[in-house]
Amino acid sequence: MKTEPLVLGIETSCDETGVGIVRGHTLLADEIASSVDEHARYGGVVPEVASRAHFEAMVPTMQRALDKAGVTLSDVDAIAVTAGPGLAGALLVGVAAAKAYALAAGKPIYGVNHLAAHVAVDTLEHGALPEPAIALLVSGGHSSLLRVDDLAAGVTPLGATIDDAAGEAFDKVARLLGLPFPGGPPIDKAAREGQIAIPFPRGLTGPRDQAEHRFDFSFSGLKTAVARWVEARERGGEPVPVNDVAASFQEAVCDVLTAKAIDACVTNGIDTLVIGGGVAANSRIRSMAQERAEKHGITVRVPRPKLCTDNGAMVAALGSHLVAAGAAPGRLGLPSDSAMPITLVTA
Ligand code: KG4
Ligand code: ZN
């Protein structure tokens with residue numbers, strides 16, 4: 001019996017240095033070094049700080065992943081690396097490292113799309129992805145609805161945010177509530193203690209948006225509405241009910257995301273919804289998507305929270321999918337592309 005391919009994945013598109021190792025759909029190692037603490041005091045990721053941290057963390061993270069999986073680089077069948085989208089300098093460190101390892105060990109290299117990797121990671125938890133599927137991709141930099149007919153060949157964008165990404169909205173609202181960066185986890189936690197009491201706006205859900213923006217998102221108006229609401233409280237000398245604001249804001253985001261994702265499934269006649277990206281770690285989006293999907297006979301697939309945020313395993317998972325599909329590897333001179341379009345799965 002032919003054993004499934006052993007694929008190593010390297011992720012450096014933002015502030016996590018990730019090295020993951022998979023065999024087929026089986027996760028063997030998922031090692032991460034994060035520079036998030038170094039960015040926290042700036043309230044956002046500082047590109048130069050992230051690049052230097054990747055440079056310092058790459059070799060030790062690689063070693064930990066190989067040790068954890070109990071393999072050596074010569075056992076690996078292919079190396080996959082995030083080629084984009086992401087921070088230009090951060091991507092360069094990962095791509096340069098992947099090329100060096102590929103050249104030294106004589107292995108094929110795949111430069112892959114970070115967003116497609118957020119979709120592919122679900123295969124490590126739930127097995128092969130039924131196609132076609134609808135994917136809702138919600139991270140710090142992106143919010144998109146995609147139709148996935150063949151993940152190895154590319155995806156079809158149905159809609160995306162026209163301003164802030166969902167994770168960015170969590171980060172900005174956390175900041176104005178005095179919660180730490182990144183804002184998703186503390187808002188998720190605060191919301192559990194709060195009441196959904198404030199009717200914050202649901203962007204692009206009006207009747208007039210149906211024609212042009214049915215599957216698009218907008219979160220900047222929501223962020224402004226939260227800021228205005230908090231300012232009014234402070235002006236009136238009243239305390240800000242942080243937990244209630246967090247719960248009401250989170251509800252507004254999750255309501256729009258899940259409603260549009262289910263609408264995309266129903267409209268396209270597709271009964272699988274996969275949710276990926278850091279915001280998919282949110283407890284409310286997970287429960288709401290589940291509840292709403294059940295009513296339409298749609299199966300929701302969301303990987304466990306640790307696989308939703310950036311990691312190397314997701315890159316290895318997509319690499320493994322590409323190898324299994326017989327996709328051709330990239331050139332050793334493959335570029336990194338900070339603005340890599342979602343329609344391209346490999347660089
Ligand atoms: O996918 P990811 O790790 O990095 C990017 O590719 O952007 O996503 C990071 C984003 C951050 O904005 C963070 O606040 C958000 O994911 N996030 C969450 C949660 N955990 C992380 N948002 C809401 N609820 C969470 N539990
Ligand atoms: Zn990401």
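## A tour from β2 to the zinc ion

Select β2 and strand β3 (residues 26-34): the two run antiparallel and are joined by eight bridges. Strands here are DSSP runs of E with at least two residues, helices are runs of H or I with at least four residues, and both are numbered from the N terminus. Two strands count as paired if DSSP finds at least two bridges between them.

The model is a predicted one, in which local features need pLDDT of at least 70 and side-chain atom pairs count only at pLDDT 80 or more, while totals for chains, interfaces and linings use all residues. Residues are numbered from 1 along each chain as its sequence is written, chains are lettered from A and ligands numbered from 1 in the order in which they are written, and side-chain values use heavy atoms, with hydrogens and water left out.

**Stop 1: β1, β2 and β3**

Stay on β2 and β3, and pick T17, which stands opposite A33 in β3. The two strands form a hairpin with two residues between them. In that turn, select G24, which has a positive phi of about 60 degrees.

Now add strand β1 (residues 6-11), which pairs with β2 in the antiparallel sense over six bridges. Here L8 stands opposite I21 in β2. A hairpin of four residues joins β1 to β2.

Is β2 largely enclosed or open? Strand β2 covers residues 16-23, and seven of its eight residues are buried, so the rest of the structure largely encloses it. Buried means under 20% relative accessible area, exposed means over 50%, and partly exposed lies in between, using a 1.4 Å probe and protein chains only.

**Stop 2: helix α2**

Select residues 47-69, which make up helix α2. The expected span of a helix is 1.5 Å times one less than its number of residues. For the 23 residues of α2 this gives 33 Å, and the end C-alpha atoms are 30 Å apart, which agrees.

Where does α2 have a kink? A kink of about 45 degrees lies at A57, shortly before the proline P60. The bend at a residue is the angle between axes fitted to the seven residues ending there and the seven starting there.

The buried residues of α2 include A50, H54, A57, M58, M62 and L66. Show the elements around the helix: its buried residues pack against β1, β2, β3, α1 (36-40) and α3 (88-105). Contact means heavy atoms within 4.5 Å. After α2 comes G70, with a positive phi near 70 degrees.

**Stop 3: the five-stranded sheet**

Select the strands in the order β8-β7-β6-β9-β10, which form an open sheet with mixed pairing. Its edge strands, β8 (154-160) and β10 (299-301), each pair on one side only. Neighbouring strands of this sheet are turned by 25 degrees against each other on average, direction ignored. Axes for such angles are lines fitted to C-alpha atoms (for helices over the stretch in contact), and angles run from 0 to 180 degrees between N-to-C directions.

At one end of the order, strand β7 (residues 143-150) and β8 pair in the antiparallel sense over five bridges. L145 has G159 in β8 as its bridge partner.

Next select strand β9 (residues 272-276), where five of the five residues are buried. T272, V274 and G276 point one way from β9, and L273 and I275 point the other way. Strand β6 (residues 133-138) runs parallel to β9, with four bridges between them. In that pair, L136 and I275 are bridge partners. β9 also runs parallel to β10, joined by three bridges, and V274 has R301 as its partner in β10.

**Stop 4: V266**

Pick V266, which is in helix α10 (residues 242-268). Buried or partly exposed? V266 counts as partly exposed, at 45% relative accessibility. Leaving aside neighbours within four places in sequence, V266 is in contact with H296 and I298.

**Stop 5: the zinc ion**

Select ligand 2, a zinc ion, whose protein donors are H114 (NE2), H118 (NE2) and D310 (OD), at 2.0 to 2.1 Å. H114 is in helix α4 (residues 114-120), while D310 is in the loop between α12 (305-308) and α13 (312-324), 196 residues apart. Donors are N, O and S atoms within 2.8 Å of the metal (3.2 Å for Na, K and Ca); water is not among the atoms, so sites may look incomplete.

Along the sequence the spacing of the donor residues is H-x3-H-x191-D. H114 is buried, with a relative accessible area of 6%, and D310 is buried too, at 14%.
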